[in-house]
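Q: Could we go through this structure together, beginning with the ground rules?

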Amino acid sequence: MKNTALTKTHEALGAKIVPFAGYNMPVSYEGVNAEHETVRNGVGVFDVSHMGEFLIGGPNALDLIQKVTSNDASKLTIGKAQYSCLPNETGGIVDDLIVYRVKEEQYLLVVNASNIEKDWNHISKYNSEFKADMRDISENYSLLAIQGPKAVEAMQSLTSEDLSAIKFYNFVVGDFAGIEHVIISATGYTGSGGFEIYCKNEEVQQVWDKVLEAGADLGIKPIGLAARDTLRLEMGYCLYGNDINDETSPFEAGLSWITKFTKDFVNCESLAKEKAHGPERKLIAFELDERGIPRHDYDIVDGQGKKIGIVTSGTMSPSMGKGIGLGYVPIIFSEVGSKIQIQIRKKAVPATVVKLPFYKA
């Protein structure tokens, strides 16, 4: 197992450390519900340095990115970021990622920790045609997510940049916590606003310490991966390996909005046909009508008890106090308001298909 540059710091803070995507990661400090509430109502900081970062540069950088990603990266100007995915050749998804345009001919791709090698090999395969400059900088960079409605107020003293002026999915390269040339990005995986901070491994301890110091008066706390999961699920954000994978198409997963046919990209012809016909199944969001907690891989059944799908993500929503989840079902069960059941041990618990997000601020 690898460690992040802050692993010893998390241990000193009493974090529960678990193996995740090849890294020892903090899953919780004081408990998922308390940490979840800190982010929804105040501000918290996550160490997500396990994520992967690739730099793609040179005159053909954009051409390569256009080929391997589903979204239209030509729309990116310097200082803008874009959510996208890497389609595979068989209709599924290699990974989801964020593409940042850092310079005129340089892009930063941020990928999931468990897929770093897989993504690198996939993109490299197509780069034989474009010969863009590719660098995997994952081992050298750290990433902190400072999330919550009080993030701007808590962090403004640490930078000369106007944090309130950075719009969602925009970023600046500026000073932060006494370090120059830090990426300050108005992105995150919680739905409660905030920033993601990219810096070098040798700088992250200083950034972490100053972030906790600057946010102390507003009650900032370190937050673990367990709360990150409940926060993202309340927003209906997909988790790779659960809700999307090599067998799920962007159209099944509700990601048609990041699939643009204004360009040629991997497997775009068969995806265009799927768009025209419509997928046979769809990722739905559901709330339990009775008490219970839906979990990953639980069966989704119809009124007669026949299995129609599986739960891909599920939890007890800390904000709403009810069981919520995502899962794939045939199209006929996917309409908002449809009634389904979740098989929780020996009981089929009734549930209703709802519109995302679950949590509305």
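The exchange below covers the model, one strand, two cores, aromatic rings and two single residues.

Q: What kind of model is this, and how are residues numbered?
A: This is a predicted model, in which local features need pLDDT of at least 70 and side-chain atom pairs count only at pLDDT 80 or more, while totals for chains, interfaces and linings use all residues. Residues are numbered from 1 along each chain as its sequence is written, and side-chain values use heavy atoms, with hydrogens and water left out.

Q: Let us take β8. Why is it described as largely enclosed by the rest of the structure?
A: Strand β8 (residues 106-111) is largely enclosed because six of its six residues are buried. Buried means under 20% relative accessible area, exposed means over 50%, and partly exposed lies in between (1.4 Å probe, protein chains only). Strands are DSSP runs of E with at least two residues, helices are runs of H or I with at least four, and both are numbered from the N terminus.

Q: Which residues cover each face of β8?
A: One side carries Q106, L108 and V110, and the other carries Y107, L109 and V111; all are buried.

Q: Which strands pair with β8?
A: Strand β5 (residues 52-57) runs antiparallel to β8 and is joined to it by six bridges, with I56 bridging to Y107. Strand β7 (residues 93-103) also pairs with β8 in the antiparallel sense over six bridges, and K103 has Q106 as its bridge partner. Pairing requires that DSSP finds at least two bridges between the two strands.

Q: How many residues link β7 to β8?
A: Two residues, in a hairpin.

Q: New topic: how many residues does the largest nonpolar core have?
A: It has 41 residues, and those with the most contacts inside it include L108 and I244. A nonpolar core is a set of buried Ala, Val, Leu, Ile, Met, Phe, Trp, Tyr and Cys residues joined through side-chain atoms within 4.5 Å. Elements giving two or more residues to this core include β7, β8 and β15. A second, separate core has 27 residues, among them L6 and A154.

Q: And what does I284 in β15 touch?
A: I284 lies in strand β15 (residues 281-288) and is buried, with a relative accessible area of 3%. Residues up to four places away in sequence aside, I284 touches G325, L326, G327, V329, S334, I340 and V353; contact means heavy atoms within 4.5 Å.

Q: Turning to aromatic residues, how many pairs are there?
A: There are eight aromatic pairs. Rings of Phe, Tyr and Trp (its six-membered ring) pair if their centres lie within 6.5 Å; planes under 30 degrees apart count as stacked, over 60 as edge-to-face and the rest as tilted. The rings of F168 and Y169 are edge-to-face because their planes are at 85 degrees, with centres 5.0 Å apart.

Q: Are F168 and Y169 buried or exposed?
A: F168 is exposed at 59% relative accessible area, whereas Y169 is buried at 18%.

Q: Finally, where does T9 sit, and what does its side chain contact?
A: T9 is in helix α1 (residues 7-12) and is buried at 16% relative accessibility. Its side chain makes a polar contact with the side chain of Q205 at 2.8 Å. A polar contact is a pair of N or O atoms within 3.5 Å; within protein, one must be able to donate a hydrogen and the other to accept it, and residues adjacent in sequence count only if both atoms are side-chain atoms.
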